[in-house]
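Work through the exercises below with the sequence and the coordinates open. Each task is followed by a solution in steps.

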Amino acid sequence: MLQGCSSGNTENGAAKASDEPAAPESTSGSPVEISFWNMFGGGEGEFVDQIIKGFNDSQQEVTVKPLRLESNEYYAKLGTALSSSKGPDVAVAHVERISPFVKAQQIMPVDELASKVGFDLKQISDSNIISVSYDGKP
């Protein structure tokens, strides 16, 4: 997973990664919108759509807004969007493609953020954490 946290809720999502969780934009009862970019098509795309729909239908506080991009353009558009502070709140990245994003400080380790919001990464299997770690940091 690739994550960036926004300080504002723009149409396409958010800014450069931050070590603070995004604050809800509205106190009027509207759900917080989280933009989610991915490149999943076919059966994978249908499965991701089901997960998003299930999440959105399960509660009213947060709405995930997916944007599917063509896989051959995905990383170029993601890098450009993150560089101009118009990237998504959450995105998918293959582990072998995260190095440039880490070096540009466009994504961050999630261990401290998870701790701040009370999520224990031990709920995720060691093999999954290792598979998405860079320099030993998830």
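Helices (H or I, at least four residues) and strands (E, at least two) are DSSP runs, numbered from the N terminus. The model is predicted: local features need pLDDT of at least 70, side-chain atom pairs count only at pLDDT 80 or more, and totals for chains, interfaces and linings use all residues. Numbering starts from 1 along each chain as its sequence is written, and side-chain values use heavy atoms, with hydrogens and water left out.

**Exercise 1. Describe the fold and the model's confidence.**

Step 1. Assign the secondary structure: the protein has five helices and four strands. Their order along the sequence is β-β-α-β-α-β-α-α-α.

Step 2. Check the confidence, using pLDDT (the predictor's confidence in each residue, from 0 to 100). Its mean over the protein is 83, and 80% of the residues reach 70 or more. Over residues 1-26 pLDDT stays under 50, and the model has 78 contacts beyond four places in sequence for them. A contact means heavy atoms within 4.5 Å.

Step 3. Look at contact range. Of the contacts between residues at least 6 apart in sequence, 68% join residues at least 24 apart.

Step 4. Apply the burial classes: buried is under 20% relative accessible area, exposed over 50%, and partly exposed in between (1.4 Å probe, protein chains only). Of the 138 residues in the protein, 33% are buried.

**Exercise 2. Compare the length of helix H1 with its expected span, then find which residues of H1 are buried and which are exposed.**

Step 1. The expected span of a helix is 1.5 Å times one less than its number of residues. Helix H1 (residues 42-58) has 17 residues and should therefore span 24 Å; its end C-alpha atoms are 24 Å apart, which agrees.

Step 2. Gly45, Val48, Ile52 and Asn56 are the buried residues in H1. Seen down the axis of H1, the buried residues fall within an arc of 70 degrees, so they line one face of the helix. The arc is that of the directions from the helix axis to the C-beta atoms.

Step 3. An α-helix has 3.6 residues a turn, so residues three or four places apart point the same way.

Step 4. The buried residues of H1 pack against strand S2 (32-38) and strand S3 (62-68). On the other side of H1 are exposed residues, including Glu46, Phe47, Gln50 and Lys53.

**Exercise 3. Repeat the span check for helix H2, then follow the chain past its end.**

Step 1. H2 has 13 residues and should span 18 Å; its end C-alpha atoms are 19 Å apart, which agrees. Among its buried residues are Tyr74, Tyr75, Leu78 and Leu82.

Step 2. Ser83 lies in helix H2 and is exposed, with a relative accessible area of 57%. Its side chain makes a polar contact with the side chain of Gln106 at 3.1 Å. A polar contact is a pair of N or O atoms within 3.5 Å; within protein, one must be able to donate a hydrogen and the other to accept it, and residues adjacent in sequence count only if both atoms are side-chain atoms.

Step 3. The C-alpha atoms of Ser83 and Gln105 are separated by 9.7 Å, with the two positions 22 residues apart along the chain. Put exactly, Ser83 and Gln105 are 22 residues apart along the chain.

**Exercise 4. Which backbone feature do Ser85 and Asp135 show, and where do they lie?**

Step 1. Ser85 is not a glycine, but has a positive phi of about 60 degrees. Ser85 sits in the loop between helix H2 (71-83) and strand S4 (90-91) and is partly exposed, at 40% relative accessible area.

Step 2. Asp135, also not a glycine, has a positive phi of about 50 degrees. Asp135 lies in the segment after helix H5 (126-131) and counts as exposed at 72% relative accessibility.
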